[in-house]
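The exercises below ask the reader to work through a sheet, the helices that lie on it, and an interface. Each task is followed by a worked solution.

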Amino acid sequence: MSLLHTVNKSPFESNTFDACLNLAKSGSTVLLIEDGVYAATTGNSVADKIKNTTDINFCVLGPDAQARGIEGKLAEGIKVVDYEGFVDLVAEHDAVQAWL
Amino acid sequence: MAKKFMYVNRKPPYGTIYALESLEVVLIGAAFDQDVSLAFIGDGVYQLTKGQDTKAIGQKNFSPVYSALGDYEVTKIYIEKESLEERGLTLDDLQHLVWEDEDDDWAEKDSIRLVSRAELADVLDDQDVLLSF
């Protein structure tokens with residue numbers, strides 16, 4: 001049993017990303033979308049949260065990162081997926097928890 | 001007598017409509033010949049990042065419009081330093097916004113003013129009208 005979590009809020013202005021990390025189990029996937037993609041950038045006050053969480057697969061939705069001009073600032077090891085990849089992730093997991 | 005209007009921007013672009021709405025109100029307001037300034041604080045600083053490309057999300061990329069603000073005599077754009085730093089950004093990550101000073105032989109001048117939280121508090125305190133987005 002493994003969940004796909006999506007987070008669509010900026011980690012700087014909301015605790016949605018933290019709420020997700022609090023309940024995401026080892027082996028699950030967290031997909032950052034919309035304003036959630038800022039959590040995947042480096043050199044800031046939240047970067048350590050992804051760095052220190054090694055048992056979760058972090059992905060970011062490429063189109064949302066490109067729209068915001070941050071594609072070049074994504075942390076190492078974060079997988080970038082397109083909309084088809086998003087669909088694949090949904091299919092590969094047992095259920096989706098959308099953190100809003 | 002012109003009043004001092006400040007638009008306070010705190011939201012990143014595209015996830016919500018606030019950033020675009022603010023920009024549209026600024027452009028409309030520019031027709032009224034007031035003393036206009038913009039502040040970008042918190043996630044609002046993301047509105048000005050370089051290299052935005054919205055093709056794949058099917059939304060309008062309004063980031064090039066910020067570079068036209070100088071032509072509308074919107075020449076004071078305050079960026080809160082602490083907000084940039086918290087997000088691992090520097091001024092190099094943001095668009096270089098300029099205006100041409102007709103009183104100085106159309107010299108090109110920087111619109112962006114990087115200010116500390118304390119300095120921005122004083123700028124806010126000095127306004128007649130604050131519009132928050």
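**Exercise 1.** State in which sense strand 1 and strand 7 of chain B pair, and place the pair in its sheet.

Strand 1 (residues 4–9) and strand 7 of chain B pair in the parallel sense over four bridges, where pairing requires at least two bridges found by DSSP, and where helices (H or I, at least four residues) and strands (E, at least two) are DSSP runs numbered from the N terminus. Within this pair, Val8(B) has Ser132(B) of strand 7 as its bridge partner. The model is predicted: local features need pLDDT of at least 70, side-chain atom pairs count only at pLDDT 80 or more, and totals for chains, interfaces and linings use all residues. Residues are numbered from 1 along each chain as its sequence is written, while chains are lettered from A and ligands numbered from 1 in the order in which they are written.

The pair belongs to an open sheet of five strands in chain B, ordered 6-3-2-1-7 with parallel pairing. Strand 6 (112–115) and strand 7 (129–132) of chain B each have a single partner strand, so one side of each is left without a neighbour in the sheet.

**Exercise 2.** Which strands of chain B does helix 1 of chain B touch?

Helix 1 (residues 18–29) of chain B packs on the sheet and touches strand 1, strand 2 (35–40) and strand 7 of chain B, contact meaning that C-beta atoms, placed from the backbone, lie within 7 Å.

**Exercise 3.** How many residues of chain A are in contact with chain B?

In chain A, 19 residues are in contact with 19 residues of chain B. Helix 3 (residues 62–67) of chain A supplies the largest share of the chain A side, four residues.

Note on methods
Contact = placed C-beta atoms within 7 Å. Axes fitted to C-alpha atoms, helices over the stretch in contact; angles between N-to-C directions.
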